[in-house]
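Student: Could we go through this protein together? I would like to know where the words used for it come from.

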Amino acid sequence: MGVTSSALNCICFACPWGPTSVARYLHVFLFILMATVAFSWTFLSGSIQAPTFDNVTNELTVQSQYFGPWIVMLAVVVYHLSLSLLLIGVHSSRDRRALIQNGMWPVKVIALLLICLLLFTLPPPVALFKYAFYVAGLASIAFLALQSVYLVDFAYRGAELLVERYEESEGDIWKYSLFGITGLLYTLGVFMTVVILIYNPNLLLVGMGNLIIMIVISISSILEEVQEANPQAGIFQAAFISFYNSFLLCSSSAHEQSALRRHVTGWETAVNVVSCLLFGLGLVYYATTIEQASDSDVENDLNTDEEQNDYCYSMSLFHLYLALAACFVVLSLTNWRQVIPNGNGKFVIGDVSERWCKWSPIVASWLLSGLYMFSLFAPLIFPDRQF
């Protein structure tokens, strides 16, 4: 089985795998809409203002650029966390509380707007944003790790699709496509890591560790014992993980004041663009994935649901995932800046918090690598269990 079906079924069985519903698409669309509003705020801060704080020393435009996106995305976090709590234990549309997920859209949209308006009307204490930064940082690590899982599952499905097309048509184009994409992913992964090693000495050890991880997971994926226990494992998935880990390494360096930003024009912009594309891909794929849990009893329930045009997934964890995503978005929009005291009883919006923006993607890449290695060797370690 793939990395998701192997690892998440053991570690996080309640994750929302199941046939998608219109409600999931609408919630993702609403999320993207609010994220777009928060993103636009940074460009419109000269004409519209977020609540100003007397004990913040930065100019009003800087305050608006910072607090505007924070307030919008805090409203999104409160909205999804509230729904997550209300939907705890709801996995099927036959549950009465599923109406909260699938219906009541005018009420939910109005509730989200009221939460946002309330936060703008009654701005919370400035110190709250200081601690919210740390919470959002931890949530971002969790989101990056989960997004990695879904992107890797996408890689598994892509490899299976290419193999199926080759077996059906026996056309060389599918075989060469699989080999070509695998080679391209490895090339990009090695190139990004080498660039980091040359221009960012602060990440020298991490970059070397990334190359070692790349070699280890690649060799592990083609071991005969692993192939026998996990036939779907392959070099294509290892290449995708190597590429994504290397990109996370680049992402950790995008905001650092290093030689990389001085010598490579547009480095930060390029990383941000690719990050947005991968973020959108992971979010959409999360909303549309239909992979089922492997437990037989759950499969029977799911089959019963499907016969009734029903569906089954954890609605609570669905909204928790979107809340984590909102935390990542707000830190990205505010360039990982933090509200800090200036020593005179007031606060200032500081520069990039290099420690957080540096280590969050790196830790996420380590979690991803560990999860993938677990998916490879779990069938060997626990032969009596089904993955």
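Student: How much area does the protein expose, and which atoms supply 67% of it?

Tutor: The protein exposes about 18,000 Å², and carbon and sulfur atoms supply 67% of that area. Accessible areas come from the Shrake-Rupley method with a 1.4 Å probe, and for residues only the protein chains shown count as cover. Keep in mind that this is a predicted model, where local features need pLDDT of at least 70, side-chain atom pairs count only at pLDDT 80 or more, and totals for chains, interfaces and linings use all residues. Residues are numbered from 1 along each chain as its sequence is written, and side-chain values use heavy atoms, leaving out hydrogens and water.

Student: Why is Trp-336 called buried?

Tutor: Buried means under 20% relative accessible area, exposed over 50%, and partly exposed in between (1.4 Å probe, protein chains only). Trp-336 has 5%, so it is buried. Across the protein, buried residues make up 51% of the 387 residues.

Student: What makes Met-104 partly exposed?

Tutor: Its relative accessible area is 37%, so Met-104 counts as partly exposed.

Student: Where do Met-104 and Trp-336 lie?

Tutor: Met-104 is in the loop between helix 4 (98-102) and helix 5 (105-121). Trp-336 sits in the loop between helix 14 (315-333) and strand 1 (337-341). Helices (H or I, at least four residues) and strands (E, at least two) are DSSP runs, numbered from the N terminus. The protein has 15 helices and two strands.

Student: What is phi in Met-104 and in Trp-336?

Tutor: Phi of Met-104 is near 60°, a positive value in a residue other than glycine. Trp-336, not a glycine either, has a positive phi of about 55°.
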